[in-house]
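Trainee: Please take me slowly through the empty space inside this model and through what surrounds it. I would like each term explained as it comes up.

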Amino acid sequence: MPRRGTPERIEPRKTPQQDRSIQRVNAILESATRLITKSGVSSLTMTALAKEAGIPIGSIYQYFPEKAAILRALFDMISNRVEDHVIRSLDEATSLDELKQHVFVLIDWYYQECRENPIYLSIWLSMEMDKALARLNIDQSYRLAEIFIRYTSSLRSPRPGEDYEARCKLLSYFLGSCMRLSLLSDQDEAQRLVAECKVLIGESI
């Protein structure tokens, strides 16, 4: 069933339960990843995907109503990986200074992860053209902000007049934008942008 407020066209038609169904959905998403990595999101059509996966096109429609639902599934996979890594890293911090160091390491990891997986940028850019998909990116930024607030609130003293929740939401979205800009830049410029991103975020915690 679609999640509340989420258009049905970007939701999977059904969630696989049996091993065979799970393997088929995984094969669909792996094939979609290969197509996007090789030729960009524009190459991801249901026909091309069926051919790449070696399955009938009807099997794809059985799980995904359209291309946007496949992009959403790929984005969810990326989001879950990033969020799990953030939680594991921040869980090790016992002081504010230590937490900042973990944040800097996380930013470097995120940049390297995005640089080594070109599908990240392709999916981000395609999502900006679709209102429902673009909302998912904002929602993920807010989830990361909530995780960050949970780990930092007990380690820092509130500053007079600050709205820390709003600040963390802005910083989280800013970090994603910094990654996208870095991936569109040459490597020297990208490293400068990431280094300055760490400074700005560190000063804002």
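Mentor: What follows begins with the overall layout and then turns to the empty space and the residues around it. This is a predicted model, in which local features need pLDDT of at least 70 and side-chain atom pairs count only at pLDDT 80 or more, while totals for chains, interfaces and linings use all residues. Residues are numbered from 1 along each chain as its sequence is written, and side-chain values use heavy atoms, with hydrogens and water left out.

The protein has nine helices and zero strands, where helices (H or I, at least four residues) and strands (E, at least two) are DSSP runs numbered from the N terminus. Its C-alpha atoms fill a box of roughly 60 × 40 × 30 Å along the principal axes. Of its 205 residues, 45% are buried; buried means under 20% relative accessible area, exposed means over 50%, and partly exposed lies in between, with a 1.4 Å probe and protein chains only. Among the contacts (heavy atoms within 4.5 Å) with a separation of 6 or more, 68% join residues 24 or more positions apart.

Now to the empty space itself. Rolling a probe the size of a water molecule over the atoms shows where such space is left. On a 1 Å grid over the protein atoms alone, a cavity is a set of points where a 1.4 Å probe fits but cannot get out, and a pocket is an open set with protein on both sides within 12 Å along at least five of seven lines; lining residues have an atom within 4 Å of a point. Grid points are joined across faces, edges and corners, and a volume is the space filled by probe spheres set on the points.

The structure holds one cavity of 30 Å³ or more, and the largest cavity has a volume of about 390 Å³. It is lined by 23 residues, of which Val 86, Leu 144, Phe 148, Ser 172 and Leu 175 are the closest to its centre. Helices α4 (67-90), α5, α7 (131-152) and α8 (164-183) each supply at least two residues of this lining, and α8 provides the largest share, with seven residues.

Helix α8 also holds Arg 180, which counts as buried because its relative accessibility is 7%. Leaving out residues up to four places away in sequence, Arg 180 touches Leu 121, Trp 124, Glu 128, Asn 137 and Tyr 173. Leu 121 belongs to helix α6 (residues 119-127) and also counts as buried, because its relative accessibility is 14%. Besides Arg 180, Leu 121 is in contact with Leu 183 and Leu 184, again setting aside neighbours within four places. Thr 37 is 84 residues from Leu 121 in sequence, yet their C-alpha atoms are 9.9 Å apart in space.

Helix α5 (residues 96-116), which contains Asp 108, offers another residue to examine. Asp 108 counts as partly exposed because its relative accessible area is 37%, and it touches Val 194 and Lys 198, not counting residues up to four places away.

Finally, the largest pocket contains about 340 Å³ of space. Among its 17 lining residues, Pro 12, Val 25, Leu 29, Phe 64 and Ala 73 are the closest to its centre. Helices α1 (19-39) and α4 each supply at least two of the lining residues, with α4 giving the most, six residues.
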